[in-house]
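Visitor: I am new to this structure, and I would like to understand the words people use about it. Could you walk me through them?

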Amino acid sequence: MVRDPIASESTPSAEEICAALDDPDCREIIRNLEEPMTASELTNRCEIPQSTLYRKLELLTESTLLEESTEIRRDGHHASKYSIAFEEITLSLDEERRLTVQIDRPARTADERLAELWSEVRKET
């Protein structure tokens with residue numbers, strides 16, 4: 001799933017959300033993300049092997065439960081930081097008895113939107 005960096009919200013399927021939340025490592029990452037953190041910081045805090053952690057971060061960002069931003073460093077070695085991208089998730093049944101998902105997201109500042117756009121540009125280059 002490709003996110004539109006300018007869109008204020010992107011909603012994955014209920015199946016994607018449930019798959020991410022069903023994973024114990026993903027829940028551990030969410031539980032430990034009190035503030036934006038790098039993968040290295042998360043590896044130390046969660047005690048998840050780094051190769052596994054990267055796969056879980058990808059799953060969580062693709063399901064839009066985490067947001068990846070780029071920390072610009074003077075030395076040129078920029079770092080990705082991850083933060084929680086939701087406040088509440090609601091699963092419900094629609095009229096056709098299909099699961100639907102609604103994600104309430106925190107409000108974003110202009111700086112946060114610009115950081116996300118920069119992160120998307122960096123991925124493309």
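The talk below takes a few labels in turn and asks what stands behind each of them.

Guide: Welcome! Please keep in mind that this is a predicted model.

Visitor: Then let us start with A39. Why is A39 called buried?

Guide: The relative accessible area of A39 is 4%. Buried means under 20%, so A39, at 4%, earns the word. You will find A39 in helix α3, which covers residues 39-46.

Visitor: Which residues does A39 touch, leaving out those up to four places away in sequence?

Guide: They are L53, Y54, L57, S80 and Y82. As for distance, the C-alpha atoms of A39 and L59 are separated by 14 Å, and these two residues are 20 places apart along the chain.

Visitor: What makes T38 count as buried?

Guide: T38 has 9% relative accessibility. The cut-off is under 20%, so T38 also falls on the buried side. T38 sits in the loop between α2 (24-32) and α3. Apart from residues up to four places away in sequence, T38 touches R73, A79, S80 and K81.

Visitor: Why is strand β2 described as largely enclosed?

Guide: Strand β2 spans residues 79-84, and five of its six residues are buried, so the rest of the structure largely encloses it.

Visitor: How do you know that β1 and β2 pair?

Guide: Pairing asks for at least two bridges between the strands. Strand β1 (residues 66-71) and β2 have six bridges, in the antiparallel sense, so they pass that test. One bridge to look for joins T70 to S80 in β2.

Visitor: And what makes β3 and β4 a pair?

Guide: Strand β3 (residues 88-93) and strand β4 (residues 99-104) are linked by six bridges. At least two are needed, so they pair too, in the antiparallel sense. E88 stands opposite D104 in β4. Their hairpin has five residues between the strands, and there R97 takes a positive phi near 65°.

Visitor: Let us finish with helix α1. How do you know that its buried residues are on the same side?

Guide: In α1 (residues 14-22), the buried residues include A14, I17 and A20. They cover an arc of only 135° around the axis, which means that they lie on the same side of α1. A general rule helps here: an α-helix has 3.6 residues a turn, so residues three or four places apart point the same way.

Visitor: What is on the other side of α1, and what covers the buried residues?

Guide: On the other side, E15 and D22 are exposed. The cover over the buried residues of α1 includes α2, α4 (50-62), β3 and β4.

How values were computed:
Residues numbered from 1 in each chain as written. Predicted model: local features only at pLDDT ≥ 70, side-chain atom pairs only at ≥ 80, totals over all residues. Heavy atoms only, no water. Buried < 20%, exposed > 50% of the residue type's maximum accessible area, 1.4 Å probe, protein only. Helix = DSSP H or I, 4+ residues; strand = E, 2+ residues; numbered from the N terminus. Contact = heavy atoms within 4.5 Å. Arc of directions from axis to C-beta.
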